[in-house]
Amino acid sequence: LSGAYQHKCKICGFADAEWNDTDWRPGRMEVKLRFGANALVGELNEDIINGYGIFIADNCSRVLVPKMLAYLPKMDPYPHDDRCCTLDAYEIDLKFEVPPDYWSVILMVRVNTSTVGFLPVGAMTTEIMDWNDTSYGSAAAVRCSDFSLGSLVLNLLLVSLLAWQAACLDWTVLL
């Protein structure tokens with residue numbers, strides 16, 4: 001796509017302005033996504049849609065991974081006030097792998113219409129960074145704590161206390 005264009009159909013908005021990865025493992029993401037229903041030229045209308053597809057995209061609205069992350073069918077009947085955008089009408093917890101050589105993703109919600117299928121572009125999140133915290137691990141992982149002056153002083157005090165207690169016990173035995 002080039003030049004100016006306008007979506008006639010897109011979700012009415014996201015419930016969150018920022019999203020966080022809650023999976024500490026490198027290359028894996030877990031993200032909660034909440035969004036509102038389809039708006040047709042600014043008014044809520046799900047008459048011609050079947051649901052919503054969630055894809056990984058780049059910042060130019062191009063799908064990076066052909067496989068859809070998730071699909072949410074439209075709610076029928078729609079349980080919310082259709083005169084107002086309910087930003088958390090649809091909610092899903094996504095678990096997925098980050099594409100190779102990427103440290104972040106952008107999620108795109110594309111409307112699936114009954115007439116033309118998935119629209120080529122959709123509403124996009126801001127960039128979501130991969131948490132990638134290697135300080136967590138499995139119970140089998142060996143972790144070494146950082147050596148600090150505080151732990152050295154504490155260990156010396158403990159050893160001194162144990163030595164003093166042992167000396168006192170030996171002295172009472174001799175009496």
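Modeller: Let's start with a term: a disulfide is a pair of cysteine sulfur atoms within 2.5 Å. This is a predicted model, in which local features need pLDDT of at least 70 and side-chain atom pairs count only at pLDDT 80 or more, while totals for chains, interfaces and linings use all residues. Residues are numbered from 1 along each chain as its sequence is written, and side-chain values use heavy atoms, with hydrogens and water left out.

Colleague: Thanks! How far apart are the sulfur atoms of Cys12 and Cys85?

Modeller: A search of the whole structure finds 1 disulfide. Cys12 and Cys85 form a disulfide, although 73 residues separate them along the chain. The distance between their sulfur atoms is 1.9 Å.

Colleague: Is that disulfide right-handed or left-handed?

Modeller: Look at the torsion about the S-S bond of Cys12 and Cys85, which is about 75°. The disulfide is therefore right-handed.

Colleague: Is Val105 buried or exposed?

Modeller: Buried means under 20% relative accessible area, exposed over 50%, and partly exposed in between, using a 1.4 Å probe and protein chains only. Val105 is in contact (heavy atoms within 4.5 Å) with residues including Met29, Phe96 and Ile128. Because its relative accessible area is 3%, Val105 is buried.

Colleague: And which residues touch the most other members of the largest nonpolar core?

Modeller: A nonpolar core is a set of buried Ala, Val, Leu, Ile, Met, Phe, Trp, Tyr and Cys residues joined through side-chain atoms within 4.5 Å. The largest one here has 29 residues. Those touching the most other members are Leu33, Phe35, Tyr52, Ile54 and Leu107.

Definitions and conventions:
Helices (H or I, at least four residues) and strands (E, at least two) are DSSP runs, numbered from the N terminus. Lists of a residue's contacts leave out its neighbours within four places in sequence.
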